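User: Please take a close look at a single part of this model, the start of the chain, and explain how it relates to the rest of the fold. A connected account would be preferred to a list.

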Amino acid sequence: MNEQHLQAYNQLIQTLLDCPSGEEPEILAANTELLDAGFVEVQERELQCGE
């Protein structure tokens, strides 16, 4: 995973956290190119760091 992808994943996660409830499906639909195993990996890492 390169730095550019990592930044894009983190930005998408932050956008999802900050968006009003109910807008998540639209955000995900607009960013389908980022919905892959790398995105899941970054999310898992973020969850582990937050515990």
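Analyst: M1 lies in the segment that precedes helix 1. In this predicted model, the residue counts as exposed because its relative accessible area is 53%, and the cut-off for that class is over 50%. Exposure does not leave M1 without partners: once neighbours within four places in sequence are set aside, M1 is in contact with L6, Y9, G38, E41, V42 and R45. Two of these partners, Y9 and V42, also belong to the largest nonpolar core. A further relation concerns F39, which is 38 residues from M1 in sequence, while the C-alpha atoms of the two are 9.9 Å apart in space.

Y9 and F39 lead from the start of the chain to the aromatic residues. The structure holds 1 aromatic pair. Y9 and F39 form this pair, with 6.1 Å from centre to centre and 55° between the planes, a tilted arrangement. The pair links distant parts of the chain, since Y9 sits in helix 1 (residues 3–18) and F39 in helix 3 (residues 37–50), 30 residues apart. In contrast to the exposed M1, both Y9 and F39 are buried.

The two aromatic residues are also members of the largest nonpolar core, which comprises 9 residues: Y9, L12, I13, L16, C19, I27, L34, F39 and V42. Helix 1 and helix 3 are the elements that give two or more residues to this core, and helix 1 gives the most, with 4 residues. In soluble globular proteins, nonpolar side chains tend to be buried together. Another core member is I27; apart from neighbours within four places in sequence, I27 is in contact with L12, T15, L16 and C19.

Helix 1 also carries A8. With a relative accessible area of 26%, A8 is partly exposed, because that class lies between the 20% limit for buried residues and the 50% limit for exposed ones. A8 and the core residue L34 are 26 residues apart in sequence, and their C-alpha atoms are 7.6 Å apart in space.

These local relations can be placed in the whole chain. The protein chain contains 3 helices and 0 strands, and from the N terminus its elements run α-α-α. Among contacts between residues at least 6 apart in sequence, 61% join residues at least 24 apart. The radius of gyration is 11 Å, which agrees with the value near 10 Å that a compact globule of 51 residues would have. Along its principal axes, the C-alpha trace spans about 25 × 25 × 15 Å. Of the 51 residues, 20% count as buried. The accessible surface comes to about 3800 Å², and carbon and sulfur atoms account for 51% of that area.

Confidence should be read alongside this picture. The protein chain averages a pLDDT of 93, and 98% of the residues score at least 70. Confidence is lowest in helix 3, at a mean of 88, and highest in helix 2 (residues 24–30), at 98. Helix 3 is the element that holds F39, the partner of Y9 in the aromatic pair.

Note on methods:
Residues are numbered from 1 along each chain as its sequence is written. This is a predicted model: local features need pLDDT of at least 70, side-chain atom pairs count only at pLDDT 80 or more; totals for chains, interfaces and linings use all residues. Side-chain values use heavy atoms; hydrogens and water are left out. The radius of gyration is taken over C-alpha atoms; the globule rule is 2.2 Å times the number of residues to the power 0.38. Buried means under 20% relative accessible area, exposed over 50%, partly exposed in between (1.4 Å probe, protein chains only). Contact means heavy atoms within 4.5 Å. Accessible areas come from the Shrake-Rupley method with a 1.4 Å probe; for residues, only the protein chains shown count as cover. Rings of Phe, Tyr and Trp (its six-membered ring) pair if their centres lie within 6.5 Å; planes under 30 degrees apart count as stacked, over 60 as edge-to-face and the rest as tilted. A nonpolar core is a set of buried Ala, Val, Leu, Ile, Met, Phe, Trp, Tyr and Cys residues joined through side-chain atoms within 4.5 Å. pLDDT is the predictor's confidence in each residue, from 0 to 100.
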